[in-house]
Amino acid sequence: MIQTNREVTLRQIAFMYLFISLSPILRQIPTALAAEAGRSGYLSPIWSTIAIFFITAIVMVLIKTFPGLNIYEIMVQLVGKFLAKIIIFFYLLWILLSITAKINIYALTLQFTLMPQTRSDFFMIILILLVYYALLRGIKTIFRFSEFTLGPILFLITVLFICALTRLRTDYLLPVSTIKLPSTILASKNVIAVGGNIIIVLFFADKFGITITKNQRNKLWSGALVFSVLTFVITIFTFGITGADLTANLAFPFYITVKSISFFNIFERFEVLVTIICVLSDFISICILSWLLLRCFQWLFNLKQYQFLAVPLTIIIFYLTYYVSSTQFEFNFLYRYIILNLNLIFQYIIPILLTIVCLLRRKKIQKQF
Amino acid sequence: MIYVFALTIGYTFIKRKEQLLSSKRNLVLFLFLSIIGLVLGIIYIINPYLPSLTLYLEKYMK
């Protein structure tokens, strides 16, 4: 059923990383930055680049020190099997919460934009079937899909940006006050929490093979750079057209921004494409998170096969989605106060602690590898 | 939906009988997760308007 014995490359992971980051970049980041840092919020992606590059470097160090090992095997080497299992258990809970939140926002996005009359159950069932079918084809298919689709999406965003240049209002962006700078630094945690998705690389690290070329490593760095540039461009775009005050109060400000754009007064209604981009990004995120969830179960219970868990986990996730959050307001609260902070713990603090242990035990590790 | 899920569990059990019965751990994990899923479903059927976890957290945190 779910094929796992195929190799993936760092290039594919970089594409997938950008693809799954698209929906939070378009949907959550502009609102959060506008709410926390006001008109200067578009500077936050610049500060967050430091943290994103730092975590990329940490991922690289861990991959280089433990060639061919995934995050669980690295943890076993560093902190022992018992602690590794406890950490994996918490990762499992985090992934479970992330999947339910993703499914929820996916359904809410479709209701908010294209199909306000349709019940969320319908979207969820269709999504679950699609995810099941995608996983049936193997994880490689999901990576390939991201690889082929990301190019046209980035091209579309570039075209939209060019079309919107004349509509950008400098009075919405300038002047930037120095008093606001500390708040832009604090608000950058919203970008950092999305950019930290790069640690997914560690979950797939056993699929790359032992040797990773410099070219492959550069692809991951490029992925982190493109993420920062994309976040910066989208935020400027949204703030410059919609204004920070309105952006702060909208659930999906980029959608509203794109509504006012036309391609030389010939083509318009690009907002439908933006919804499709978000839906595709959510779909890929849910596929990847589902695969990671199954892998966490495999590591936690030492399972040789884990395909039989797909159905019971699907049922749990389906109903948990209703119990975790069900409205846009609830999701906003959940994302802002819970998921964001959990992301920082699981994407930054745990990998940093692992790297510190790795550096402390460097000599012992070097003998093994 | 719960009936569809219950049938799917039954179908998975029959289809993957060898895999599930080959190890006690597989069987226990499958049954445990299936029961959790079905219980969540039954609770949802009994009361679909139960306040969500986020609502509780919101009350507690504010």
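A salt bridge is a side-chain nitrogen of Lys or Arg within 4 Å of a carboxyl oxygen of Asp or Glu. Keep that rule in mind at the boundary between the two chains. Across the interface of chain B and chain A, the rule finds 0 salt bridges. The model is a predicted one, and the values below are computed from it.

Stay with the interface. On the side of chain B, 31 residues make contact; on the side of chain A, 27 do. Together the two chains bury about 2800 Å², and 76% of that area is on carbon and sulfur atoms. Polar contacts do occur between the chains: the count is 8 residue pairs, both residues at pLDDT 80 or more.

Which helices of chain B supply the side that touches chain A? Helix H1 (2–15), helix H2 (17–22), helix H3 (24–46) and helix H4 (53–61) each give at least two residues. H3(B) gives the most, with 13 residues. By residue class, the side of chain B that touches chain A divides into 18 nonpolar, 9 polar and 4 charged residues.

Two residues show this boundary in detail. Take B:Ile43 to begin with. B:Ile43 sits in helix H3 of chain B. Leaving out residues up to four places away in sequence, B:Ile43 touches A:Tyr323 and B:Leu50. Is B:Ile43 buried or partly exposed? Its relative accessible area is 33%, so B:Ile43 is partly exposed.

Now cross to A:Ser325. This residue lies in the loop between helix H16 (310–324) and helix H17 (328–360) of chain A. A:Ser325 has a relative accessible area of 1%, which means that it is buried. Its touching partners, again leaving out residues up to four places away in sequence, come from both chains: A:Asn104, A:Glu330, A:Phe331, A:Leu334, B:Ser52 and B:Thr54. With A:Asn104 there is also a polar contact, side chain to side chain, at 2.3 Å.

Next come the salt bridges. How many does a search of the whole structure find? It finds 6 over all chains. One joins A:Asp282 to A:Lys102, with the closest N and O atoms 3.5 Å apart. This pair links distant parts of the chain: A:Asp282 is in helix H15 of chain A, A:Lys102 is in helix H5 (residues 81–113) of chain A, and their positions lie 180 residues apart in sequence. Both A:Asp282 and A:Lys102 are buried.

Another salt bridge pairs A:Arg295 with A:Asp206, and here the closest N and O atoms are 3.2 Å apart. This pair also links distant parts of the chain, 89 residues apart: A:Arg295 belongs to helix H15 of chain A, and A:Asp206 to the loop between H11 and H12 of chain A. A:Arg295 has 7% relative accessibility, so it counts as buried. A:Asp206 stands at 24%, so it counts as partly exposed.

A third example is A:Arg144 with A:Glu147, whose closest N and O atoms are 3.9 Å apart. Why are these two separated by about one helical turn? Because they are 3 residues apart in helix H7 (residues 139–164) of chain A. A:Arg144 is partly exposed at 40% relative accessibility, whereas A:Glu147 counts as buried at 15%. Salt bridges that share partners join A:Arg11, A:Arg144 and A:Glu147 into one network.

Turn now to the aromatic rings. A pair of aromatic rings is described by the distance of the centres and the angle of the planes. Over all chains, the structure holds 29 aromatic pairs. One of them is A:Phe204 with A:Trp291, a stacked pair at 4.7 Å centre to centre and 5° between the planes. This pair links distant parts of the chain, 87 residues apart: A:Phe204 is in the loop between helix H11 (200–203) and helix H12 (214–242) of chain A, and A:Trp291 is in helix H15 (residues 271–301) of chain A. At 0% relative accessibility, A:Phe204 is buried. A:Trp291 is buried too, at 0%.

A:Phe237 and A:Phe254 meet edge-to-face, 5.3 Å centre to centre and 90° between the planes. A:Phe237 lies in helix H12 and A:Phe254 in helix H14 (residues 253–259) of chain A, so the pair ties together parts 17 residues apart in sequence. A:Phe237 is buried, at 0%, and A:Phe254 counts as buried at 1%.

Rings also gather in a cluster. Ring pairs link A:Tyr72, A:Tyr91, A:Trp94, A:Phe203, A:Trp299 and A:Phe346.

Methods:
Residues are numbered from 1 along each chain as its sequence is written. Chains are lettered from A and ligands numbered from 1 in the order in which they are written. This is a predicted model: local features need pLDDT of at least 70, side-chain atom pairs count only at pLDDT 80 or more; totals for chains, interfaces and linings use all residues. Side-chain values use heavy atoms; hydrogens and water are left out. Contact means heavy atoms within 4.5 Å. Buried area is the accessible area (1.4 Å probe) that two parts lose on being put together, summed over both. A polar contact is a pair of N or O atoms within 3.5 Å; within protein, one must be able to donate a hydrogen and the other to accept it, and residues adjacent in sequence count only if both atoms are side-chain atoms. Helices (H or I, at least four residues) and strands (E, at least two) are DSSP runs, numbered from the N terminus. Ala, Val, Leu, Ile, Met, Phe, Trp, Tyr, Cys and Pro count as nonpolar, Asp, Glu, Lys and Arg as charged, and the others, Gly among them, as polar. Buried means under 20% relative accessible area, exposed over 50%, partly exposed in between (1.4 Å probe, protein chains only). Rings of Phe, Tyr and Trp (its six-membered ring) pair if their centres lie within 6.5 Å; planes under 30 degrees apart count as stacked, over 60 as edge-to-face and the rest as tilted.
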